Amino acid sequence: MSTKAGMNWDGVKKTVNRAKHEVLVKFGKTEETVDIQFNQEKERFNGHRKHMKKLNKDMQKVLDLYRQLAVALSTFSEDIVALYDSNCQLFSAAVQLQYSIQELDNARIAYEEQNRDDWQGPMSEYLGYFSEIKNRIVERERRRVDMDRYRAEVKDRTEKGGKEPAKLAAAK
């Protein structure tokens, strides 16, 4: 497929020829180039990409849980303070609990800011590299199919011999 907004006629022809060649490969009617080392590295890349996405998702879950915990603790402390009158002895303990929970929430906010700077920013940039590499792998696969198709065309035309010398010269 073309990266342009719309495909031109040449792009459509190439896509159809690629599809035809891939079908011939599936049925064993033509050869396919297999790069074992590249395929191993591609699988390793895909596994690493999958793990990094999961790691990023898990970190996001941790941050969400911290936020939920902060909200629950805040609500809890407000309920405890509302439970006692201001002249009761336990009221001062409830206010101290509310103050401690506020300090804990401030620490959570500082942690989130540090996490955003030290984890989320670099991780987002790193994950962006994966999509660029994935696009290049797709392009490489497309070119590999094209080269296999061209090789098969040249082979077929050289086997047919002198019937169509102009097409043979164009294929080479």
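## A partly exposed loop residue: Glu32

With a relative accessibility of 42%, Glu32 counts as partly exposed, because that class covers the range between the buried limit of under 20% and the exposed limit of over 50%. The structure discussed here is a predicted model. Glu32 belongs to the loop that runs between helix 1 and helix 2.

Beyond residues up to four places away in sequence, Glu32 touches Val25, Arg144 and Asp148. A further long-range relation links this loop position to Arg151: the two residues are 119 residues apart in sequence, yet their C-alpha atoms lie 9.9 Å apart in space.

## Overall architecture

The protein contains four helices and zero strands, and its pattern along the sequence reads α-α-α-α. Of the 172 residues in the protein, 19% are buried. The exposed surface of the protein amounts to about 13,200 Å², of which carbon and sulfur atoms supply 56%.

Among the contacts in the protein with a separation of 6 or more, 66% are accounted for by residues 24 or more positions apart. Several such pairs are described in the sections below.

## Packing of helix 1 against helix 3

Helix 1, spanning residues 9-26, packs with helix 3 at an angle of about 75°, and the two axes are 10 Å apart. The two helices are therefore roughly perpendicular to each other, since angles from 65 to 115 degrees fall in that class.

On the helix 1 side, the contact is formed by Asn17, Arg18, His21 and Glu22. Their counterparts in helix 3 are Arg142, Val145, Asp146, Asp148, Arg149 and Ala152. Sorted by class, this contact comprises six charged, two polar and two nonpolar residues. Asp148 of this group is also touched by the loop residue Glu32.

## The largest nonpolar core

Six residues make up the largest nonpolar core: Phe45, Met52, Met123, Leu127, Phe130 and Ile137. Helix 2 (36-83) and helix 3 (89-160) each contribute at least two residues to this core. Helix 3 provides the largest share, namely four residues.

Ile137, a member of this core, is in contact with Phe38, Lys42 and Phe45 once its neighbours within four places in sequence are left aside. Phe45 is itself one of the core residues.

## Partly exposed residues that touch the core

Leu55 is situated in helix 2. At 40% relative accessibility, this leucine counts as partly exposed. Apart from its neighbours within four places in sequence, Leu55 is in contact with Trp119 and Met123; Met123 belongs to the largest nonpolar core. Along the chain, Leu55 and Met123 are 68 residues apart, while their C-alpha atoms are separated by 9.7 Å.

Two residues of helix 3 can be described in a similar way. Tyr126 has its place in helix 3 and is partly exposed, with a relative accessible area of 34%. When its neighbours within four places in sequence are left aside, Tyr126 is in contact with His48 and Met52, and Met52 is listed among the core residues. The C-alpha atoms of Tyr126 and Arg49 are separated by 9.9 Å, although these residues are 77 residues apart along the chain.

Lys134 also lies in helix 3 and is partly exposed, at a relative accessible area of 40%. Not counting residues up to four places away in sequence, Lys134 touches Phe45 and Arg49. Lys134 and Phe45 are 89 residues apart in sequence, and the distance between their C-alpha atoms is 9.0 Å. Phe45 is thus named in three settings: as a member of the core, as a contact of Ile137 and as a contact of Lys134.

Terms used: Residues are numbered from 1 along each chain as its sequence is written. This is a predicted model: local features need pLDDT of at least 70, side-chain atom pairs count only at pLDDT 80 or more; totals for chains, interfaces and linings use all residues. Side-chain values use heavy atoms; hydrogens and water are left out. A nonpolar core is a set of buried Ala, Val, Leu, Ile, Met, Phe, Trp, Tyr and Cys residues joined through side-chain atoms within 4.5 Å. Buried means under 20% relative accessible area, exposed over 50%, partly exposed in between (1.4 Å probe, protein chains only). Contact means heavy atoms within 4.5 Å. Axes are lines fitted to C-alpha atoms, for helices over the stretch in contact, and angles run from 0 to 180 degrees between N-to-C directions. Angles under 35 degrees count as roughly parallel, over 145 as roughly antiparallel, 65 to 115 as roughly perpendicular and the rest as oblique. Ala, Val, Leu, Ile, Met, Phe, Trp, Tyr, Cys and Pro count as nonpolar, Asp, Glu, Lys and Arg as charged, and the others, Gly among them, as polar. Accessible areas come from the Shrake-Rupley method with a 1.4 Å probe; for residues, only the protein chains shown count as cover.
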